[in-house]
Protein chains: 2
Amino acid sequence: MKRFINSKSDIVTEALDGFLATTPNAFLARLDAYPHTKVIVRTDWDKSRVTIISGGGSGHEPAHAGFVGQGMLTAAVCGEIFASPSVEAVLAAILAVTGDAGCLLIVKNYTGDRLNFGLAAERAKAMGYKVEMVIVADDVAIPGAHQPRGVAGTLFVHKIIGFLAEQGASLQQLAQAANELTRRIFSIGLSLDTCTVPGNQRQDYLAATEAELGLGIHGEPGVAKITFAAAASLMQTACNEIEKAIGDDHDHYALILNNLGSVPPIEMQVLAHSFLQTTLSEKVGLVIGPAHLMTSLDMNGFSISLLQLAPGDKEALFADVTVASWPGARELHGTASVSVVASPAEDRPGFEPSENKAIKATVLTVCNTLLAAAEDLNQLDALIGDGDTGTTFGNAARYIKDALEQLPYATDASLCFALSDLLARHMGGSSGALMAILFAAAGEAKEQAASWPSALMSGAQRMMFYGGAKQGDRTMLDALLPGLEALQAGSSLAEAAKAAREGADGTADMTRAKAGRAAYVPGASLNGVVDPGAEAIARAFAAAANNS
Amino acid sequence: MKRFINSKSDIVTEALDGFLATTPNAFLARLDAYPHTKVIVRTDWDKSRVTIISGGGSGHEPAHAGFVGQGMLTAAVCGEIFASPSVEAVLAAILAVTGDAGCLLIVKNYTGDRLNFGLAAERAKAMGYKVEMVIVADDVAIPGAHQPRGVAGTLFVHKIIGFLAEQGASLQQLAQAANELTRRIFSIGLSLDTCTVPGNQRQDYLAATEAELGLGIHGEPGVAKITFAAAASLMQTACNEIEKAIGDDHDHYALILNNLGSVPPIEMQVLAHSFLQTTLSEKVGLVIGPAHLMTSLDMNGFSISLLQLAPGDKEALFADVTVASWPGARELHGTASVSVVASPAEDRPGFEPSENKAIKATVLTVCNTLLAAAEDLNQLDALIGDGDTGTTFGNAARYIKDALEQLPYATDASLCFALSDLLARHMGGSSGALMAILFAAAGEAKEQAASWPSALMSGAQRMMFYGGAKQGDRTMLDALLPGLEALQAGSSLAEAAKAAREGADGTADMTRAKAGRAAYVPGASLNGVVDPGAEAIARAFAAAANNS
């Protein structure tokens with residue numbers, strides 16, 4: 001299993017040092033007993049307030065170090081991957097940050113953590129410190145479990161108790177509040193795969209058609225293997241378990257939507273959307289996440305945690321913290337949560353048909369020429385590309401011919417904008433966009449009273465800017481630019497058409513295309529073949545010249 | 001490939017609605033032309049400032065919608081997965097948020113985006129709007145590439161230009177600053193696997209021994225397949241490419257460390273640590289991430305982007321935003337970035353040896369009894385657990401015997417603390433922690449002048465609290481509690497020993513263990529077997545009674 005680690009034995013210390021060096025909260029440090037004692041502490045802490053310490057095995061990042069900071073934890077005690085920290089480590093944390101106000105330990109319900117944090121608490125008490133411990137057991141996967149596991153709902157405790165501590169609550173008040181709070185938290189996880197413990201072989205014990213419900217955050221087997229299904233269906237399954245656990249008595253909950261490790265952001269957003277379609281969401285007035293809060297290494301799954309809201313909880317959950325891993329909270333108001341604003345009317349100027357017979361005739365003859373050239377152009381393109389240049393230019397020509405009687409020939413700028421519009425709507429492909437850009441920019445120049453050669457050159461320059469190609473790149477520019485340059489220099493249309501033809505023919509000798517689809521074609525295949533876009537432009541110039 | 005999606009066709013709109021409903025920034029909305037036009041806009045925007053619009057294909061979440069908000073983007077235009085948004089969508093965005101100050105489009109260098117944003121810009125200009133466009137082409141994967149791709153370095157442009165726009169810079173100033181800025185950004189990606197486009201089969205075109213350098217954010221093939229290696233080695237490889245691109249002229253850079261999709265947080269932290277070990281890191285004074293910024297669906301990879309810092313950049317990068325997906329910035333100071341504080345000395349009270357012959361004799365006889373019982377206890381445990389209860393209690397007994405002459409027998413509390421310490425250090429396992437807790441809590445009670453029975457009962461209660469077991473759970477408590485209750489009721493040690501023995505024997509009839517390792521053993525296997533922990537306690541009571 002390919003993973004981004006160095007050695008299994010250093011993964012936790014490397015991750016913690018990587019975190020400490022890069023987290024925007026610069027008021028964090030580690031105790032010097034590293035690596036045996038992996039304790040992350042606030043350095044902006046004054047001991048007049050009650051200390052909040054949490055921790056446990058690693059592999060749950062950003063928990064727990066990521067939640068140390070003003071308004072949440074005072075310190076985090078980190079064990080090796082999925083292993084409780086030692087009594088000595090917990091004791092070191094308590095001694096480092098605890099003053100007269102005392103210390104509350106927030107511990108997830110695992111035997112190792114309970115005992116190691118518990119014994120450290122007793123030792124600290126023997127040394128004269130005031131210490132209390134609260135155990136979080138929010139997992140509802142196994143109904144009536146004797147010892148439910150502590151999972152992502154622990155974040156509610158970190159945030160709310162952290163807030164109260166910051167407000168100056170006493171140790172007794174905090175311990176009581178935390179004990180009461182933990183009884184109102186309900187979590188369940190669902191994953192498409194288990195996690196990979198560094199150094200272990202990955203165990204693919206779920207089939208491609210299976211997902212797992214109610215698994216632990218250490219890859220413990222779940223309560224049921226279920227059939228893999230759409231996100232909405234899997235989310236509903238998870239919600240069903242929560243609904244069984246919370247009953248019908250209350251309808252004001254907060255949600256944590258937790259990424260268990262490797263679900264990409266777009267899928268977490270889809271899961272958030274799926275949650276909002278459930279009936280359970282009607283009871284949820286506040287959401288935290290989707291975010292990585294309590295992960296299980298690279299587990300491809302999510303968990304939802306619900307907190308039955310009591311007075312004061314909202315304020316605590318919304319309160320600002322200096323903790324970068326805390327994603328913030330958002331109030332939900334049913335479907336109205338997604339505001340919709342009116343899209344502006346597309347009040348482009350309408351075009352009043354008007355007359356200029358010479359220009360109209362030129363437009364018509366160019367269109368007819370391109371329609372007639374369609375098969376030739378497709379054949380050229382088939383040699384070096386996907387064989388549709390003729391179809392693309394032909395489409396454009398047909399739609400312009402269809403609109404021939406509606407165009408504003410008497411006003412050059414309007415005509416340019418109208419042609420740009422038609423090309424954008426109907427020509428398709430990159431060349432459609434490029435031609436539309438050419439005429440839009442030419443129209444702008446015309447509004448500034450530019451001559452036709454200058455206006456079209458201005459369009460060609462915008463085309464180059466947006467398209468990224470230039471002369472010599474084996475594109476339609478190789479015919480267009482010589483033709484326009486000739487016109488700008490005062491040459492006749494016939495002379496310009498000759499320059500465009502020479503430019504087009506010259507592309508046959510260019511064995512390297514730098515833009516367009518031909519850029520992916522080997523030079524030998526290009527040799528002797530005129531670029532079909534340049535060919536189209538040369539024929540258009542010739543048609544215009546013949547008409548003049 | 002199992003992924004959390006519903007339908008391929010709805011993934012982008014569902015993800016955007018999921019994002020809009022849950023992001024802590026409530027001042028966002030979508031245009032009503034959804035789903036054809038997927039535009040996310042600020043609702044707290046006043047048009048006196050220049051509008052900053054970005055966007056492109058989806059699948060890069062949180063980009064681009066996740067960066068809309070005060071101090072960054074005014075709007076994001078989102079296409080389908082990896083597909084440019086339409087001209088109409090970009091135009092709708094421009095019209096929705098642009099006022100007299102004009103609009104700057106920030107576009108990653110892909111032909112589709114350039115043309116669609118470009119044409120929309122030209123149309124908006126034709127309608128009288130002031131529009132400029134800047135193209136970001138930060139990918140250094142292909143040296144001397146004609147058209148380098150735009151990747152995660154785009155975030156530098158969003159943040160710095162967003163800041164300047166918020167400060168009131170003019171459109172011309174912003175366009176000039178953005179064009180100058182893009183020339184100072186250098187990015188490269190490295191992945192262990194390509195991404196899975198929803199609805200497509202996953203293509204495992206990298207072997208288990210391969211990684212890929214310089215791949216695009218749409219799963220475009222990279223510039224080289226490289227050998228999979230440790231995180232530090234892969235990071236060095238990526239840094240080498242950046243060093244080639246940036247040259248030696250400057251030494252003040254900012255870093256973006258970007259998660260390309262599915263790298264779990266602990267591994268991104270390891271990668272951050274690995275980056276800090278490179279020589280390139282010596283030129284980096286400011287870091288953003290690790291975080292999801294510009295992802296490629298579920299790609300298991302990372303990218304690094306360096307910005308050559310110019311005056312004003314730092315202020316812009318550090319400025320507060322209301323954008324939850326922006327991870328904040330952190331100043332780096334070489335290795336000193338990780339602060340280390342001294343671990344508090346473990347100033348536990350030392351124990352002065354002192355005498356109390358009766359108690360010392362009791363300690364000795366209990367130790368001898370447990371040593372003698374080791375084999376019996378192991379055999380009992382082998383029937384229902386892992387066969388080490390005798391060894392565990394025996395170890396504890398041996399270490400206490402070794403310390404027999406150093407213990408403070410004359411002071412009950414000190415004796416309890418000393419025993420707790422010895423048990424914590426040497427007994428091991430859950431029972432070691434539990435016994436250590438019992439004596440630590442008993443010591444505390446003794447300091448409050450409790451009697452021995454009350455002090456030990458107090459210890460048993462703490463043991464229950466931390467351990468989570470209670471009487472009847474088939475643990476040592478089933479002998480301990482009856483024995484201590486008898487003592488508390490004024491019974492003799494002999495009577496207490498009898499009660500402990502009856503309690504221990506009673507565990508043989510308990511066919512369900514609720515705590516400890518036996519909790520995982522079927523009831524039939526437990527039937528008739530005395531719990532070895534309870535047996536140990538009963539023998540200890542008997543030994544103490546015989547000695548008295």
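A:Tyr466 is buried, with a relative accessible area of 1%, where buried means under 20% relative accessible area, exposed over 50% and partly exposed in between (1.4 Å probe, protein chains only). The exercises below concern a predicted model, in which local features need pLDDT of at least 70, side-chain atom pairs count only at pLDDT 80 or more, and totals for chains, interfaces and linings use all residues. Residues are numbered from 1 along each chain as its sequence is written, chains are lettered from A and ligands numbered from 1 in the order in which they are written, and side-chain values use heavy atoms, with hydrogens and water left out.

**Exercise 1. Aromatic rings**

Classify the aromatic pair formed by A:Phe465 and A:Tyr466.

Solution. Step one is the criterion: rings of Phe, Tyr and Trp (its six-membered ring) pair if their centres lie within 6.5 Å, and planes under 30 degrees apart count as stacked, over 60 as edge-to-face and the rest as tilted. Step two is the count, which gives 4 aromatic pairs over all chains. Step three applies the criterion to A:Phe465 and A:Tyr466, whose centres are 5.1 Å apart with 65° between the planes, and the pair is edge-to-face. In chain B, the rings of B:Phe465 and B:Tyr466 have a centre distance of 5.1 Å and a plane angle of 65°, so this pair is edge-to-face too. Step four adds the exposure: A:Phe465 is partly exposed at 31%, and B:Phe465 is partly exposed at 31%, whereas B:Tyr466 is buried at 0%.

**Exercise 2. Helix spans**

Find the expected span of α9 (residues 357-384) of chain B and set it against the distance between its end C-alpha atoms.

Solution. Helices (H or I, at least four residues) and strands (E, at least two) are DSSP runs, numbered from the N terminus, and the expected span of a helix is 1.5 Å times one less than its number of residues. For the 28 residues of α9 of chain B this gives 40 Å, which agrees with the 39 Å between the end C-alpha atoms. The helix nevertheless has a kink of about 50° centred on B:Ala374, the bend at a residue being the angle between axes fitted to the seven residues ending there and the seven starting there. For α10 (residues 389-402) of chain A, 14 residues should span 20 Å, and the ends are 20 Å apart; for α11 (residues 412-426) of chain B, 15 residues should span 21 Å, and the ends are 21 Å apart.

**Exercise 3. Packing of helices**

Identify what packs against the buried residues of α10 of chain A and what covers those of α11 of chain B.

Solution. Begin with α10 of chain A, whose buried residues include A:Phe393, A:Ala397 and A:Ile400. They pack against α9, α11 (412-426), α12 (429-447) and α17 (532-547) of chain A, with contact meaning heavy atoms within 4.5 Å. A:Leu370, in α9 of chain A, is buried with a relative accessible area of 11%; leaving aside its neighbours within four places in sequence, A:Leu370 is in contact with A:Phe393, A:Ala397 and A:Ala536. Turning to α11 of chain B, the buried residues include B:Leu415, B:Phe417 and B:Leu422, and their cover includes α3 (111-126) of chain A together with α9, α10 (389-402), α12 (429-447) and α13 (452-467) of chain B.

**Exercise 4. Relating the copies**

Determine which rotation and shift superpose chain A on chain B.

Solution. Copies are superposed by least squares on the C-alpha atoms of residues with pLDDT of at least 70 in both. The result is a rotation of 180° with 0.0 Å of shift along its axis, at an RMSD of 0.1 Å. The two copies are thus related as by a two-fold rotation axis. In chain A, the C-alpha nearest the axis belongs to A:Ser262, 2.1 Å from it. The same surface serves both copies, as 99% of the contact residues of chain A recur in chain B.

**Exercise 5. Backbone exceptions**

Locate the cis peptide bond of chain A that involves A:Pro290, and state where B:Leu297 is found.

Solution. Most residues other than glycine have a negative phi, and most peptide bonds are trans. A cis peptide bond joins A:Gly289 and A:Pro290, with omega about 10°, and A:Pro290 lies in strand β11 (residues 284-291) of chain A. B:Leu297 has a positive phi of about 50°; B:Leu297 is found in the loop between β11 and β12 (301-308) of chain B and is buried at 4%.
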